[in-house]
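The following exercises concern pockets and helix packing in a single protein chain. Please work through each task before reading its solution.

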Amino acid sequence: MDENIVWHNYATTKAQRSEQKKHKPAILWFTGFSGSGKSTVANALEAALNQQGAHTYLLDGDNVRHGLCKDLGFSDEDRIENIRRVGETAKLMTDAGLLVLTAFISPFRAERDMVRNLVDDGEFIEVFIDTPLDVCESRDPKGLYKKARAGEIKHFTGIDSSYEIPNNPEIILDTSKNTLDQSVTQLITYLKQKHIIG
């Protein structure tokens, strides 16, 4: 890092921002195959939290690639940089006192752990959407699996690029077995048990 760049301390702290919002900051990191239900569950959870008065923001993989990460492709190196940028953004948002929901395939454990290590203990909640690959492929909401199988898309997770299953996720959901309401209820229950929300 350039020696002329110096960290600036703020008069207002994360704790003060959090107190104003009446809940603790955290990152709910949704990970899983394309088509597993990450964005759907995260979107429904954000709506439920919003109804309860929580201050939230949802960072979605496709949406981020329209702006912050539009210069990145899907090689392993670009995927790593994509998650690094999102992790740093989510960290800033937790410092603002927000509940941040992120929906990214994020196939590599090292990058998910890197984001976990950016924030305080208990502020990173890994939500593994453990929907079987064959179910995700049968859904194929964007037609991506079909293109990957035809060789039109390279480095597609689950087809010709690996996915590293989380070792100890805080929450595991399978959208082939649970309804959307059941998934949201499980997440809300966890957040209350951990005293993140009231």
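A crossing is called left-handed if the near helix is turned anticlockwise from the far one by less than a right angle, and right-handed if clockwise. Helices (H or I, at least four residues) and strands (E, at least two) are DSSP runs, numbered from the N terminus. The model is predicted: local features need pLDDT of at least 70, side-chain atom pairs count only at pLDDT 80 or more, and totals for chains, interfaces and linings use all residues. Residues are numbered from 1 along each chain as its sequence is written, and side-chain values use heavy atoms, with hydrogens and water left out.

**Exercise 1.** Determine how α2 and α8 pack, and state the hand of their crossing.

*Solution.* Axes are lines fitted to C-alpha atoms, for helices over the stretch in contact, and angles run from 0 to 180 degrees between N-to-C directions. The axes of α2 and α8 lie 9 Å apart, at an angle of about 60°. Angles under 35 degrees count as roughly parallel, over 145 as roughly antiparallel, 65 to 115 as roughly perpendicular and the rest as oblique. The pair α2 and α8 is therefore oblique. Their crossing is right-handed.

**Exercise 2.** Repeat the analysis for α4 and α5.

*Solution.* Helix α5 covers residues 109-116, and its axis is 9 Å from that of α4, at an angle of about 15°. The two helices α4 and α5 are therefore roughly parallel to each other. The crossing of α4 and α5 is right-handed.

**Exercise 3.** Describe the largest pocket: what is its volume, and which residues are closest to its centre?

*Solution.* On a 1 Å grid over the protein atoms alone, a pocket is an open set of points where a 1.4 Å probe fits, with protein on both sides within 12 Å along at least five of seven lines; lining residues have an atom within 4 Å of a point. The largest pocket has a volume (the space filled by probe spheres set on the points, which are joined across faces, edges and corners) of about 770 Å³. It is lined by 36 residues, and Ser34, Lys38, Asp62, Ile105 and Lys142 are the closest to its centre. Helices that each supply at least two lining residues include α2 (38-51) and α8 (180-193). The largest share, 4 residues, comes from α2.

**Exercise 4.** Which helix gives the largest share of the lining of the second largest pocket?

*Solution.* The second largest pocket holds about 360 Å³ of space. Among its 17 lining residues, Trp7, Tyr10, Arg17, Lys91 and Asp95 are the closest to its centre. The largest share of this lining, 5 residues, comes from α4.
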